[in-house]
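User: Hey, I've just opened this one and I'm new to it. Can you walk me through it?

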Amino acid sequence: MGAAARSRTSEAASPVRELVVPDPSSSVRWHQHDWPHPLARWHYHPEVEIHLVRESSGTVMVGDYVGPFGPGHLSLIGSFLPHNWISHLGDAETVRNRDVVLQLDQDRFLAAAETLPELESLRPLLDDAARGVEYCGRTAVEGAAALEAVQGTFGLRRLAAVAELLSVLAESPEPDRRYLDSHGGSYRLGVEETELFNRALSYITDHLADRMRLRDVADEVGLSRDAFSRLFSKATGVGFSRTVNRMRVTEASRLLRTTDLPVAEICYRVGFTNLSNFNRQFRATTGTTPSHYRRIDQH
């Protein structure tokens, strides 16, 4: 992975839980922020989040999921589900207002559903949020527009705008939804654990093309092999090796889409040591071979 990811993820250290300051005049919090930004790191919070990336492409991590994102990436992130979007940019590059975020307290909305039956349709949507959902097709386009429309609204107009956004997501057809985290559970790390995990994540991203051994990364963050292995399993749900392989496949996917490099060269650039293993891991993650993936993307 290039200098872009190295420069950005080196800033990834964060507390276990983002403190979402509520808006006293609204039932939700809408905001936007640049990349890089202190909020753009591996973290979780009790609030449910609807997240849009306006510009740039890179790697998204949600729970145990690792995959690519691009402009217009719209997702729903559940309570206590960790997440991060890492843009692949040059060292000095910044994306102004890359992210649009709406956060809501699900308990507050579910309590309101007890007296407002129209809100009952939120229950299955919030159930889906526990795993994380990436939207595509018409839902992604309409959802992004609805999320943007919340900006600058107040009072009943804001409530109506939020209701429109939630309605678009709740009524999305199944083909427009991709579920991300395979567990649907929460990954609650302590403050020190999250700091260590983010240091490990930065090191892995910086050295993705190198030989990646668990003990080397464990040494980098000052943990024993066993302690580091437990930490990584707790943070990702799938452990060290599978996470590294998924990150490598994600970077390979980006290179297949954006360059004319031969498949074999991409294989070695992202850290695989032989082509057969690369093809096997790529197929296991994407469902197809690197060559077929490139052909599909070009059509």
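Analyst: Sure. One term before we start: two strands count as paired if DSSP finds at least two bridges between them. Also keep in mind that this is a predicted model.

User: Okay, so what order do the strands take in the six-stranded open sheet?

Analyst: The order is 1-7-2-5-8-9, and the pairing is antiparallel.

User: Which strands stand at the edges there?

Analyst: Strand 1 and strand 9, which covers 177-179. Each has a single partner strand, so one side of each is left without a neighbour in the sheet.

User: And how are neighbouring strands turned against each other?

Analyst: By 20° on average, ignoring direction.

User: What packs on that sheet?

Analyst: Helix 3 does, touching strand 2, strand 5, strand 8 and strand 9. The direction of helix 3 makes about 100° with that of strand 5.

User: Let's zoom in on strand 5 and strand 8. How many bridges do they pair over?

Analyst: Three, in the antiparallel sense. Within that pairing, Leu74 stands opposite Tyr135 of strand 8.

User: I clicked on Ser75. Where is that, and is it buried or exposed?

Analyst: Ser75 sits in strand 5. Its relative accessibility is 0%, so Ser75 counts as buried.

User: What is Ser75 in contact with?

Analyst: Leaving aside neighbours within four places in sequence, Ser75 is in contact with Glu49, Ile50, His51, Trp85, Val133, Glu134 and Tyr135.

User: New topic: the largest nonpolar core. How many residues does it have?

Analyst: It has 27 residues. Those with the most contacts inside it are Ile50, Leu76, Leu102, Tyr135, Leu147 and Leu166.

User: Which elements give two or more residues to it?

Analyst: Strand 1, strand 2, strand 5, strand 7 and strand 8 do, along with helix 3, helix 4 and helix 5. Helix 5 gives the most, with five residues.

User: Why would those side chains gather like that?

Analyst: As a general point, nonpolar side chains in soluble globular proteins tend to be buried together.

User: Pick one from the core. What does Leu102 touch?

Analyst: Beyond neighbours within four places in sequence, Leu102 is in contact with Val28, Arg29, Trp30, Val48, Glu49, Ile50, Leu147, Val150, Val162 and Leu165. Apart from this core lies another one, of 26 residues, among them Leu89, Ile204, Leu208 and Leu231.

User: Now the three-stranded open sheet. What's its order?

Analyst: That one runs 4-3-6, with antiparallel pairing. Strand 4 and strand 6 (83-87) stand at its edges with a single partner strand each, so one side of each lacks a neighbour in the sheet. Neighbouring strands are turned by 20° against each other on average, direction ignored.

User: Which helix packs on this sheet?

Analyst: Helix 9, residues 240-258, which touches strand 3 and strand 4. The direction of helix 9 makes about 15° with that of strand 4.

User: How many bridges join strand 3 to strand 4?

Analyst: Five, with the two strands running antiparallel. Among the bridge partners, Val62 goes with Tyr65, and Met61 goes with Val66. The two strands form a hairpin with two residues between them, and Gly63 takes a positive phi near 60° there.

User: Is strand 4 mostly covered or uncovered?

Analyst: Mostly covered: four of its five residues are buried.

User: What about Pro71? Where does that lie?

Analyst: In the loop between strand 4 and strand 5. Pro71 is exposed, with a relative accessible area of 59%. Leaving aside neighbours within four places in sequence, Pro71 is in contact with Val53, Arg54, Glu55 and Ser56. Pro71 and Gly58 are 13 residues apart in sequence, and their C-alpha atoms are 9.6 Å apart in space.

User: Last one: at what angle do helix 6 and helix 7 cross?

Analyst: Their axes cross at roughly 130° and come within 9 Å. The two helices are therefore oblique to each other, and helix 6 passes helix 7 in a right-handed crossing.

User: Which residues make the contact?

Analyst: From helix 6 it's Leu196, Arg199, Ala200, Tyr203 and Ile204, and from helix 7 it's Asp216, Val217, Glu220 and Val221.

Methods
Residues numbered from 1 in each chain as written. Predicted model: local features only at pLDDT ≥ 70, side-chain atom pairs only at ≥ 80, totals over all residues. Heavy atoms only, no water. Buried < 20%, exposed > 50% of the residue type's maximum accessible area, 1.4 Å probe, protein only. Core = buried A, V, L, I, M, F, W, Y, C linked by side-chain atoms within 4.5 Å. Contact = heavy atoms within 4.5 Å. Axes fitted to C-alpha atoms, helices over the stretch in contact; angles between N-to-C directions. Parallel < 35°, antiparallel > 145°, perpendicular 65-115°, else oblique. Left-handed = near helix turned anticlockwise from the far one by under 90°.
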